[in-house]
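Subject: Structure handover and notes

Dear colleague,

I am passing on the structure we spoke about, together with some notes on what came out of it. Please have it open beside this message as you read.

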Amino acid sequence: MTEPARGGRTRTRLDPEIRREQIVDAAERVFTRRDPSEVTLEEIAEQAGVSRALVHNYFGDRSGVLAAVHLRCTLQLDEALRSISSDPHRTLGDHLAALVDAYLRIAAANPAAWKLVGTPEATLHPLVVEARRRRCERLADWWGGDAPARLLARSVLGCLDAAVAAWLEQPDLSRDQALGVIHGLLLRGLAGILTQESASPTRAVGDPPR
């Protein structure tokens with residue numbers, strides 16, 4: 001099937017999910033070249049070869065497009081987090097090393113999308129807020145799932161967001177070097193917490209789940 005396109009041309013009518021991904025691909029390409037805060041729906045539509053109205057129909061406004069690019073990038077983090085947490089025999093150090101490595105690897109592969117991690121317009125979008133909440137809860141479950149563990153999880157993820165964004169601005173620092181620095185920072189920072197009792201009387205905050 002075909003549908004009207006700008007300039008009197010026609011285009012093949014794609015499955016909605018394929019069309020949606022096409023628009024997200026285009027948005028990511030535009031964000032690679034421009035400050036995300038300056039990109040308009042018109043630019044994204046032009047890059048995707050669709051109308052502005054179609055972009056609006058799929059995402060509502062620019063913040064919806066920003067959130068979609070952000071979520072596609074961080075979805076890979078969620079998949080990595082599930083894989084890491086599936087091994088109950090990992091120590092805290094192992095968990096942290098795997099988590100930091102996943103952040104660095106995914107950020108290096110998606111630098112344009114990673115710019116959006118600290119962009120308020122993307123991070124305050126309801127879908128992104130909910131995805132981040134679930135990510136924090138999943139990480140907190142490693143350490144008992146209680147209130148101290150949830151605070152710890154939010155702190156670790158906040159530190160990772162900032163540290164990885166800073167690393168992307170330092171091309172002279174290798175991924176392995178960044179891994180060593182960030183992992184060491186987190187592990188040393190958590191050293192004191194490892195001996196503190198959590199709300200659960202049978203385990204300490206920071207101990208891997210049994």
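The notes below go from the overall layout to one helix, then to the aromatic pairs, a loop residue and the largest pocket.

Please keep in mind throughout that this is a predicted model. The secondary structure of the protein comes to 10 helices and 2 strands, and in order from the N terminus the two strands lead, with the helices following them: β-β-α-α-α-α-α-α-α-α-α-α. Of the 210 residues in the protein, 42% are buried.

Helix H4, which covers residues 62–85, deserves a careful look. With 24 residues at 1.5 Å a residue, H4 should span 34 Å, and because its end C-alpha atoms are indeed 34 Å apart, the expected and computed values agree. There is nevertheless a kink of about 25° in H4, centred on cysteine 73. Valine 69 also has its place in this helix, and at 1% relative accessibility it counts as buried, the cut-off being under 20%. The C-alpha atom of valine 69 is separated by 7.4 Å from that of alanine 27, although these two residues are 42 residues apart along the chain.

Turning to the aromatic side chains, the structure holds 2 aromatic pairs. In one of them, the rings of tyrosine 58 and phenylalanine 59 have their centres 6.2 Å apart and their planes at 40°, so this pair is tilted. The partners are not equally covered, since tyrosine 58, at 27% relative accessibility, counts as partly exposed, whereas phenylalanine 59, at 10%, counts as buried. In the other pair, the rings of tyrosine 103 and tryptophan 114 have their centres 5.7 Å apart and their planes at 80°, an angle that is over 60° and therefore makes the pair edge-to-face. Tyrosine 103 lies in helix H5 (residues 92–109) and tryptophan 114 in helix H6 (residues 111–114), so the pair ties together parts that are 11 residues apart in sequence. Both of these partners are buried, tyrosine 103 with a relative accessible area of 1% and tryptophan 114 with one of 3%.

Among the loop residues, serine 37 lies between helix H1 (16–33) and helix H2 (41–48). With a relative accessible area of 42%, serine 37 is partly exposed, and its C-alpha atom is 9.3 Å from that of arginine 62, a residue 25 places away in sequence.

Finally, which residues line the largest pocket? The lining is made up of Thr123, Val128, Val129, Arg132, Arg133, Cys136, Glu137, Arg150, Leu151 and Arg154, and the elements that give two or more residues to it are helix H8 (126–142) and helix H9 (147–168). The largest share, 6 residues, comes from H8. By residue type, the lining divides into 4 nonpolar, 1 polar and 5 charged residues, and about 240 Å³ of space lies in this pocket.

With best wishes

Technical notes:
Residues are numbered from 1 along each chain as its sequence is written. This is a predicted model: local features need pLDDT of at least 70, side-chain atom pairs count only at pLDDT 80 or more; totals for chains, interfaces and linings use all residues. Side-chain values use heavy atoms; hydrogens and water are left out. On a 1 Å grid over the protein atoms alone, a cavity is a set of points where a 1.4 Å probe fits but cannot get out, and a pocket is an open set with protein on both sides within 12 Å along at least five of seven lines; lining residues have an atom within 4 Å of a point. Grid points are joined across faces, edges and corners, and a volume is the space filled by probe spheres set on the points. Helices (H or I, at least four residues) and strands (E, at least two) are DSSP runs, numbered from the N terminus. Ala, Val, Leu, Ile, Met, Phe, Trp, Tyr, Cys and Pro count as nonpolar, Asp, Glu, Lys and Arg as charged, and the others, Gly among them, as polar. Rings of Phe, Tyr and Trp (its six-membered ring) pair if their centres lie within 6.5 Å; planes under 30 degrees apart count as stacked, over 60 as edge-to-face and the rest as tilted. Buried means under 20% relative accessible area, exposed over 50%, partly exposed in between (1.4 Å probe, protein chains only). The expected span of a helix is 1.5 Å times one less than its number of residues. The bend at a residue is the angle between axes fitted to the seven residues ending there and the seven starting there.
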